[in-house]
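Trainee: I'm new to this one and would like a close look at a single part. Could you walk me through the sheet and whatever sits around it?

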Amino acid sequence: MRRRIVTLAVLAAVLAISLFGVPFAIGLARSYTADERAELSRFATGATVAVAPAQLTGGDPIELPRTEPDMTLGVYDAAGRRITGRGPVHADGAVRAALRGSAADESTGPDIVVAVPIADNERVTGAIRAATGKQVVYRRIARTWLVMLGVALLAIGLTAILARRQARRLARPLEEMSANAQRLSDGDLSVRTRPSGIPEIDAVAASLNATAERLGTLLARERAFSADASHQLRTPLTGLRLTLEAMRDTPAGASEEAITTAIAATNRLQTIIDDLLALARDVPDRSGTLDAKVLIDEIRQNWHAGLAARGRPLRLTIEPDLPPAHASTAAVRQILDVLLDNAVRHGTGPVTVRVRDAGDALAIDVADEGPGITQPPDALFRRRAAGTAGHGIGLAMARSLAEAEGGRLLLTRPAPAKFTLLLPVARD
């Protein structure tokens, strides 16, 4: 790519210089020739002033003006014979034309010749011939052309240097993106392309970085899903297993209640799996409205029996005229399942769930009467934090779900433990 850019730039420079320089060089050569003729005409015309008509017939000697070293002047009489100066002995074509009464020039042969007539009372009595060698003009043209060629070569060289620098500037970020794309295809999701300062390339690099970040996020969510699913499914699976074991030891006529309990546990498992799949793979949708009453009824159905079996009451409170909260029911259900499961496992006494109006948010409090939590909040909500004694998967997942819904999950009281879920509300 770099070689192609440099080659195209040099070819473009050569073409541009040729299209401009060749006609200019030809015009310059013609201009130098015309300038030389004008100079010869000026000297010849000036010499006619110094030559009197009587001198052409054998009078006083003729003194010609001094000329350039490479220029010759000659004086011819009316018969075309050279009287003085330098030039052919007999009149050439330019002198003969001048003797007929008009200035003439010719460039045949090795010289450029200009002849001017000498007149006396409108009668041509002779002619002045000025000449210079063509090689003088050719040398001048050659020097100018050499200078132009040097400038052209310098321009082509500078074009090649600038093209190499620009090609390196263009190719380096593209090569880096190609290498990063290869690393990305090999599974390295940490690759990022640095800005190059070229808007078009930076736009492609930003898309590649966004793709890598998106893939990393998806992979992290899939990995977290397996851990979250195992955590969330552990409690209902345990309950289902205990129910099935109880059915095995129960007489046939008394197993109907156990079957109903097992079916309810199976339905809850299905709900948890559907919720986790939706939360792991879908974009959060806050357009729906949370139905707090339905949520409280689900909590009563899923947790009342288990807590009652442990001799612990479940207290559910919901304030009237609550503002609507825009949150996913699946996300809130999983957050509350985590908080209730922790209250059952690590707390004592009654478990209280209260839904209340917190001004700009809908608050759901989950509390128990246990010894409380000693870990700092930053360690409590860290996934698999060291020394958290079981906390770290469920609470980390619950906080991430709350933040994905635009809310917050807080430890509002460490002892006895009390967690508060705040969800955004929409008021008229």
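**The sheet and its helices**

Mentor: Happy to, and keep in mind that this is a predicted model. Let's start on a helix and work inward. Find Leu-146, which sits in helix α3, a stretch covering residues 134–185. Now follow α3 to the sheet: the helix lies across β4 and β5, and runs at about 45 degrees to β5.

So what does the sheet look like? It's an open one made of five strands, and reading across you get β2-β1-β5-β4-β3, with antiparallel pairing. The edges are β2 (82–85) and β3 (104–106), each of which has a pairing partner on one side only. From one strand to the next, the twist averages 20 degrees.

Take a closer look at β4 and β5. Strand β4 spans residues 111–120, β5 spans residues 123–133, and the two pair in the antiparallel sense over 10 bridges. One bridge you can pick out yourself links Asp-111 to Gly-133 in β5. Helix α1 (residues 2–49) also packs on the sheet, where it touches β1 (71–77), β3, β4 and β5. The direction of α1 makes about 30 degrees with that of β4.

Back to Leu-146 for a moment. This leucine counts as exposed because its relative accessibility is 59%, and the cut-off for exposed is over 50%. Leu-146 also has company: together with Leu-149 and Leu-153 it forms a nonpolar patch on the surface, and the three share about 320 Å² of accessible area.

Definitions and conventions. Residues are numbered from 1 along each chain as its sequence is written. This is a predicted model: local features need pLDDT of at least 70, side-chain atom pairs count only at pLDDT 80 or more; totals for chains, interfaces and linings use all residues. Side-chain values use heavy atoms; hydrogens and water are left out. Patches are made of residues with over 30% relative accessible area and no salt bridge: like charges are joined within 9 Å, nonpolar side chains (Val, Leu, Ile, Met, Phe, Trp, Tyr) within 5 Å. Accessible areas come from the Shrake-Rupley method with a 1.4 Å probe; for residues, only the protein chains shown count as cover. A salt bridge is a side-chain nitrogen of Lys or Arg within 4 Å of a carboxyl oxygen of Asp or Glu. Helices (H or I, at least four residues) and strands (E, at least two) are DSSP runs, numbered from the N terminus. Buried means under 20% relative accessible area, exposed over 50%, partly exposed in between (1.4 Å probe, protein chains only). Two strands pair if DSSP finds at least two bridges between them. Axes are lines fitted to C-alpha atoms, for helices over the stretch in contact, and angles run from 0 to 180 degrees between N-to-C directions. Contact means heavy atoms within 4.5 Å.
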